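Here's a quick briefing to read alongside the structure. Have the viewer open and follow the topics in order.

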Amino acid sequence: MISQRNDARHWWRDAVIYQVYVRSFLDSTGDGIGDLAGVRAGLPYLKKLGVDGIWLSPFYPSPQHDHGYDVADYRDVDPVFGDLGEFDLLVAAARRLGIRVLLDIVPNHCSSEHPSFREALAAPPGSAARARFHFADGRGPDGSEPPNNWHAMFGGPAWSRVTEADGSPGQWYLHMFTPEQPDWNWRNPEVPAYFDQVLRFWLDRGVDGFRIDVAAGLFKHPGLPDSPDPEADARTRDSVNPLAWNQPEVHDVWRHWRAVCEEYTARDGRERLLVGEVSVPTAREHARYVRPDELHQAFFFDLLSAPWDVDAFRKVISEAIQDIAGTGSTVTWVLNNHDQVRTVTRYGEPAPEGSGLGAARARAAALLMLALPGAAYIYQGEELGLPEVVDLPDDVLTDPIFRRTGSRARIRDGCRVPLPWSGQASPFGFTQEAADVKPWLPQPEWFAEHATDRALADTRSFWHLYRDGLQLRASLPQLGDGTLRWLDTPPGILAFSRGDGLVCAVNFGTAPTPAPVAGEPLLTSGPCPPGVLAGSTAAWWITDGTHD
Ligand code: GLC
């Protein structure tokens, strides 16, 4: 039973969650790969930053074809990242610091090394083991063509053919991502029952909720018919095939998962959170995932995909707030994650390199996001103002998108380079044990400028901006959950008020403009002379209400 949904005590409504990409956060064992003990060692840093919780990218046993989004065992820890004992220590340490812990759960597909899939490969066509996945006979006289024309998100056909036990060419199985990530068949009741056990396993170990990977996936259109535009997913890098995603049955799963969470809340009063990665074509469809008895939240990616443009920002923010109204959820803002080019680089283009424009805009966007009503997610390194590493050599790239698009797309490695913590040279304190160990992706020399020790010592750093913003957000009743009201502004300026007298304004242009509010700002994303809002800068003020 869900009660008082609009009560501000629901912590998740305006939580700020820090996404930890475990393999790139902090390496405690000296193998060049981040791990759970590293995350635990980093908790005091995150506490100082002021986040409410962390979301851990997948750390389960996995052959790592898609960095853990290919799960071979949903109820254990990959030895590369630690073990269950270390996981328990991490959860306990986070609890002591008041930091909530979210796990990344991957229900659409598993790894081809998952025991159920291995069993399916060994079993004959038509068997119960194969029915947990989507196995089908091929088309054409000898079955040598895939069962339908769908393409996978990361390029290539969405089907791979297996060899049967007698050595003959056999059936095909469906994988909407890589061939190493077979899709579960959620129409088979054994699959939801299995995931129930997985959820409870981690809830019993004390987690505060889950980020749900590909939450508009799971079900496929019955009969798996051909798509009129089979390459749309790979072309757009978005889940747009209407036969492969966003099937109505998926909502029953989220209702059930919500009920499981409520069951745990009823026991101890701690609310568990479900936040979905929901990519669907319309805002209206998106809102259906956060109806009061479904997911608590779903990432709102339109802000992340908006160009640095005042009208684009105003439009996506207005639409998000409008669409969420009446659902009982709050907008879940995100500017960066492990799949996207980092803001400093994204907003910098096509500005001349070294202009600092990308960094100034990324700082302004951060203050904007933290002033918006709802929850916010920060991706590790965002608080350091890390730019994308755009010049990684081909031979170190590990993103399956790169391999599967014939090396045309280089998208996700550049935001996953291990964090710089200290010092002048790689591994910049990322690897704590042995200084000569190479991080799993090479860190450029210029990472030194962004190392956390420097950031902490420099009050003008991104880190201080995020920390100050988070502190104010925690202490000012106007910020966090609630509504906003747009203020009339000249072209190129976006301004809104929150609650009683808090104003946030952003100058999207490069030229300074008169500040829309009199008086000293509480916080600015860059230097502003008195009475002026500098170009590519955001500021917060507390006013007496006369601004409007
Ligand atoms: C999500 C994840 C991405 C992963 C994909 C397949 O989009 O964010 O990193 O590759 O799902 O699991």
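By class, how many nonpolar, polar and charged residues does the shell around the ligand have? The count is four nonpolar, two polar and seven charged residues. Keep in mind that this is a predicted model. Below, we start with the ligand, then go through the domains and two sheets.

**Ligand site**

- There are 13 residues around the ligand, and the ones that come nearest are D66, D213, E277, H338 and D339.
- D213 is one of those nearest residues, and an N or O atom in its side chain sits 2.8 Å from an oxygen atom of the ligand.
- H338, also among the nearest, puts a polar side-chain atom 2.9 Å from a ligand oxygen atom.
- For R412, the distance from a side-chain N or O atom to an oxygen atom of the ligand is 3.0 Å.
- On its own, the ligand has 310 Å² of accessible area, and the protein covers 95% of that.

**Domains**

- The domain assignment splits the protein chain into domain 1 (8-109 + 190-465), domain 2 (115-174) and domain 3 (484-542).
- Note that domain 1 is given as two segments, 8-109 and 190-465.
- Measure from C-alpha centre to C-alpha centre in your viewer, and domain 1 and domain 2 should come out 31 Å apart.
- Those two domains do touch: 25 residues of domain 1 are in contact with 16 residues of domain 2.

**Three-stranded sheet**

- Here the strand order is β4-β6-β5, in an open sheet with antiparallel pairing.
- Why do β4 (135-136) and β5 (159-163) each have one side without a neighbour in the sheet? They stand at the edges with a single partner strand each, so one side of each is left unpaired in the sheet.
- β4 pairs with β6 (residues 169-174) over two bridges, in the antiparallel sense.
- To find this pairing on screen, look for A136, whose bridge partner in β6 is W172.

**Five-stranded sheet**

- Another open sheet has five strands, running β12-β13-β14-β18-β16, again with antiparallel pairing.
- Its edge strands are β12 (484-486) and β16 (523-524), and each pairs on one side only.
- Two bridges link β16 to strand β18 (residues 537-542), in the antiparallel sense.
- Within β18, W540 is the residue that stands opposite L523.

**Background on sheets**

- In general, strands of a sheet pair through backbone hydrogen bonds, either parallel or antiparallel.

Methods. Residues numbered from 1 in each chain as written. Predicted model: local features only at pLDDT ≥ 70, side-chain atom pairs only at ≥ 80, totals over all residues. Heavy atoms only, no water. Near = heavy atom within 4 Å. Polar contact = N/O pair within 3.5 Å; in protein donor to acceptor, adjacent residues only side chain to side chain. Areas by Shrake-Rupley, 256 points an atom, 1.4 Å probe, with all protein chains shown as cover. Nonpolar A, V, L, I, M, F, W, Y, C, P; charged D, E, K, R; others polar. Pairing = 2+ DSSP bridges. Helix = DSSP H or I, 4+ residues; strand = E, 2+ residues; numbered from the N terminus. Domains from an automatic or database assignment. Contact = heavy atoms within 4.5 Å.
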